Every structure is written in structure tokens, then in C-alpha cells.
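Here is a set of exercises to work through with the model open next to you. Try each task on your own before reading the solution.

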Amino acid sequence: MPTFDVITTPAADQEADLLIVPVYQGPEAGPGVKDVDRALGVSVIDTLRDNRVTGKLNEFFSLPTYGRLHAKTVLVIGLGPKAEVDDDRIRRAAGHLARWASRYGSIVTTLPQAARGGAEDAVHAFVEGLLLGAYRFTRYKSEPDEDGRRLDRVVIAGAPKWDAKALRKTVARATVYAESAMWARDLVNTPAGDATPDYLAREATRMANEVGLEVKIWKKPELEKGGFGGILGVGQGSDNDPRFIELRYAGGPRSEVPIAITGKGITFDSGGLSIKPADQMEWMKSDMGGAAAALAAMRAIAILKPRINVIAAIPSSENLPSGGALRPGDVITHHGGKTSEVLNTDAEGRLVLADALAFLAAQKPQLILDAATLTGACMVALGEDMWGIMGNDRRLIRDVLDAGDQVGEPGWELPLWRQYKRHIESPIADVKNIGQRYGGAIHAALFLAEFVGDTPWAHLDVAGTAFQQKEGDYWGKGATGNPARTFIRFVENRAAKAKPRKKAAAR
């Protein structure tokens, strides 16, 4: 991890291996470009025009300094039209330039100055984008350092009016966001042969002990006693027993009602007896992306210490076929007593989440959030760049969408269309785990809604966003950590504006 500093003197005066300055489409000079002009005795903009560089988004051009600047090289990065340069544009540009910056030991940049918003949000976005863009998962590489990446110092050159001391705190906060998302990426990227439910529980315990969370791990005997039929049923085909991870953060008064989060923790999903095609199993280690995001959010919350109480309950099973596996047509009893008919064992995520939601609803929280790589249907509707959200409280949904927009993890609301509940009615159980072909994401959410009661609840279907098959702006092929940063920002926002609520009187 590089060290960061924030200064309010010209970037061109700083010692560094690489000076990075932005330009807008045109090209038009961005912050710091005029200082480079004066030092080099040339016009950067004219040089770009001569080389047919227009300043479009993520267009790069490098210039040697020949000893006329303290930096050895100048890198110009295009940001596109000036009116469109917001904080997320800075985050994504920083992710792209991380691949360049990683070749150098030290960099100085004016990039956050280019955003049309405030300094704090721009600096936060830049730090997140740079760290997330530089992430690589090399645990299983025999020569992990063969590319020579060595960035160890980053200086952010701000405008003279910026408060450098306050922005250093912003850097620290953004680093926690990025580190937590990268921790989630590590969990998801770890092959399923190593990342079993027990591994996930052990990593959660280690993390909780490091950051000061209360942790409890439920193993098979406790799950049987508690009636967690979904978690047990999905896991009964595997030699690796399921786990249920309970975490608690006490940042508010003891009398304050907590908020609750959960995430789908299927450490590998073969589909069970309703087995998937081989090519669809290649990346099914990612089916615990929602759980990883929820755990990462709890890590960040414990470090950032918002004044709020939070509980998390993470169900984790491995879905494999065997002689003892769950069969299509079986009926299972979930925690709390509701029953579900299992017609497709590949619709297993909702079965384990049902147990977690019922458990959390019984705690009488303010609200429940869940994240799950739940349905291909959501990907059909929204693609791979945004998650879908459904729930029973429109204000809560708007708040989660706002949090996602603030951190560059956009979502879109899909309808929790209650009339479709007829598609998941079972003749022999309370509910069945699949509906008809069309509207699959809605059917899955309606199934989950059966287990939250009247608790305000929002469900994030992150099947498209938690794991990518191709490189993006600030992620490589593999896990993205999405939506960990959305959860973190939501909790921080909630803590900033919510008044403590006392526990309901016992009845």
C-alpha cells in the first residue's frame, strides 16, 4: 500500500517519478497544466493537438521533462467533457491510471482538482480509484512480483484554498473503504477448494478480532438446534459443513435499535442435483460475493466507528450434488418455522438467505439489507454495471441507491410486484423456491420477502456486479468487492442523520 499526502503547493514543484495532470476534451487545460507549460517552455495543449490527442476519457499521453521539472515524466490523462467530470469520473480515471502509476515509485497529481464537486469527495474518489485499480490477486502466482509494480508514495496536489489537514483524514477514510473492498475481493477470488464455509467463518473471526467486533460462529449442531433448514439443506450434499456467522458492532447507545445486514455466502455453487453446465460453474466461487461484501462492510464500520449499532448474520453453505444432497421436490423448514418446497436446487441462495433474514427479523432491527449474487434474470435486465434493488420500503431503497451513487456502485430499482406472488405459491408448503421463467429476479425477491415480516428491508441482487469476466475501470478480471462500499456509505449516512431509537418494550 502506498503512503498518501495532501499538499496545497504547485504539483510541478514536487519531487516525484511521475507528475500526472488532467486535460478536458478539446483538448482544454486542466489543473496543473499551465505550470507544466511554464517549466517545459512548451504548450502541452498544442503538443496534444499536434499528436491528435483530444482529451477524451482515459486517453493518455506522456512527456519527458529533460530535467526541467522535479518529476522525471509528465503523464497527461483525458477526462472527457469538462461539464461531465464528477467524483465518479475521477474515481474511474484514477483506476485506469493505476496501471501506469504502478510502474513508478512515486507520483504527484492534480487530478482531484478537476472534479466539479467538493474537495473531500474528489479526494476520497481518487484514493479509492487508485487503490482499487492497483489491486492484484497474486496469492497463487509462483512469481507474483514479475511485473515490477512498486508504487510507494502518492502526493495529491490540491488548490491553495483546500484544507490539507482535513483532507488527510479523508485519505485515511477512503483507504479504509478501499482496503475493505479489496479484502472482500480476496475472499471471493480464493478458490472454493480453499474457501469453504469454515474458511469464511475463520477469516471473519480473524477480522472481527482484529477490528473489535463481537463474533459468534454457528456450526452444524447449533444450526440443527436453531432450525436453520435452508442453510443445512443446501449444504447437506457437501463434505464441508455449513456455517452461520454472527457479528455485532456497538457504536451507538445500548438502547439504540441496530440496523442489520446479511449476504449470500455460497462458497461454491454447482447447482446441486439441478446441476449447472460446466462453463457456468467455472466462476461459481463468486457465489459468496454478497457475504464477502457484508463482512467487508462490517470491517470498515468497526474501523470508522460511526455512532450506530449494526448486526450482521452471514449464512454460508457449499452447494454440491451427492447421495445426501437436497432433492427437487423436498420441503425444508426454515428458522422461524416457515416451509419451502425446493423445486430447483440451483435456486439455493434464497434458501440460505431465508434463514438469515428470519433470524435478523426476530432481532427487531431498524431495517435489514441483504446482498446476493442471486439471479441471472437481474443481469438480463440490468447488465453487469449495476445491481438491482427491491424491497418493502421505498425510502430505504432510495437511501441505498443514493449511497451506491456516492461511491460509484450504481443500482436500479426493480418492482417487488406482489401479484407475482402467485408464481411462488406451493401446494404443499408455505412457498416454493422458483417461479415461472419470466420475472425471475422479482420471484426471488418475493420469496425473501416472506421471511422479513414487517421489518423495513431492501434486497440487492448483485449477480452482475460482484464478479466480472473482463477488466473494468478499477477492477481486473474477478471479484470487484461490490457492493461493500455501498453498505459502508449507507451505514455512515444513516449514523449521520438518524436519531437513536429505543428498543421496543417486551410484550
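**Exercise 1. A loop residue and a far partner**

In which loop does V42 lie? Keep in mind that this is a predicted model. Then work out how exposed V42 is and how far it sits from T196.

Solution. Start with the secondary structure: V42 lies in the loop between α1 (33–40) and α2. Next, take the accessibility. V42 counts as partly exposed because its relative accessibility is 40%, and that class covers values between 20% and 50%. Last, go from C-alpha to C-alpha: V42 and T196 are 59 Å apart in space, with their positions 154 residues apart in sequence.

**Exercise 2. The helix after that loop**

Place T47, then find what its side chain and its contacts reach.

Solution. T47 belongs to helix α2, residues 44–50. A polar atom of the T47 side chain lies 2.9 Å from the backbone oxygen of S43. Now skip the neighbours within four places in sequence, and T47 is in contact with F61 and L63.

**Exercise 3. Two residues with positive phi**

N58 and K364 call for a look at their backbone angles. Find phi for each, place each one, and decide: buried or exposed?

Solution. Take N58 to begin with. Its phi is positive, about 60°, although N58 is not a glycine. N58 lies in the loop between α2 and β4 (60–64). With 19% relative accessibility, N58 counts as buried, because the cut-off for buried is under 20%.

Now K364. Here phi is near 55°, again a positive value in a residue other than glycine. K364 sits in the loop between α11 (349–361) and β15 (368–372). Its relative accessible area is 62%, so K364 is exposed.

**Exercise 4. Cis peptide bonds**

Check the peptide bonds leading into P27 and P483, and say where each proline sits.

Solution. The bond from G26 to P27 is cis, with omega near 0°. P27 is found in the loop between β2 (16–24) and β3 (28–29). The bond joining N482 and P483 is cis too, with omega about 5°. P483 has its place in the loop between β21 (478–479) and α15 (484–497).

**Exercise 5. A strand with a partner on either hand**

Trace the pairing of β9 with β8 and with β12, and ask how many of its residues are buried.

Solution. Begin with β8, residues 214–218: 5 bridges join it to β9, and the two run antiparallel. Within that pairing, I217 has I245 of β9 as its bridge partner. Move on to β12, residues 309–319. It is joined to β9 by 8 bridges, also antiparallel, and F244 is partnered by P315 of β12. Finally, count the burial: 6 of the 8 residues of β9 (residues 243–250) are buried, so the strand is largely enclosed by the rest of the structure.

**Exercise 6. A buried strand, face by face**

Why does β16 count as largely enclosed? Sort its residues by the way they point, then find its pairing with β17.

Solution. The count gives the reason: 5 of the 5 residues of β16 (residues 387–391) are buried, so the rest of the structure largely encloses it. As a reminder, side chains in a regular strand alternate between the two faces of the sheet. In β16, W387, I389 and G391 point one way, G388 and M390 point the other way, and all are buried. For the pairing, 3 bridges join β16 to β17 (residues 411–413), running parallel. W387 has G411 in β17 as its bridge partner.

**Exercise 7. A small sheet**

Give the strand order of the sheet that holds β14, and name its edges.

Solution. The sheet is open, with 3 strands in the order β13-β14-β18 and mixed pairing. Its edge strands are β13 (330–333) and β18 (431–432), each pairing on one side only. β14 (residues 339–342) runs parallel to β18, joined by 2 bridges. E341 stands opposite K432 in β18.

**Exercise 8. Empty space inside**

How many cavities of 30 Å³ or more are there, and what lines the largest cavity?

Solution. The count comes to 1 cavity of 30 Å³ or more. The largest cavity has a volume of about 60 Å³. Its lining includes G233, V234, N319, T345 and E348. Sorted by type, the lining residues divide into 6 nonpolar, 5 polar and 1 charged.

Technical notes: Residues are numbered from 1 along each chain as its sequence is written. This is a predicted model: local features need pLDDT of at least 70, side-chain atom pairs count only at pLDDT 80 or more; totals for chains, interfaces and linings use all residues. Side-chain values use heavy atoms; hydrogens and water are left out. On a 1 Å grid over the protein atoms alone, a cavity is a set of points where a 1.4 Å probe fits but cannot get out, and a pocket is an open set with protein on both sides within 12 Å along at least five of seven lines; lining residues have an atom within 4 Å of a point. Grid points are joined across faces, edges and corners, and a volume is the space filled by probe spheres set on the points. Ala, Val, Leu, Ile, Met, Phe, Trp, Tyr, Cys and Pro count as nonpolar, Asp, Glu, Lys and Arg as charged, and the others, Gly among them, as polar. Two strands pair if DSSP finds at least two bridges between them. Helices (H or I, at least four residues) and strands (E, at least two) are DSSP runs, numbered from the N terminus. A polar contact is a pair of N or O atoms within 3.5 Å; within protein, one must be able to donate a hydrogen and the other to accept it, and residues adjacent in sequence count only if both atoms are side-chain atoms. Contact means heavy atoms within 4.5 Å. Buried means under 20% relative accessible area, exposed over 50%, partly exposed in between (1.4 Å probe, protein chains only).
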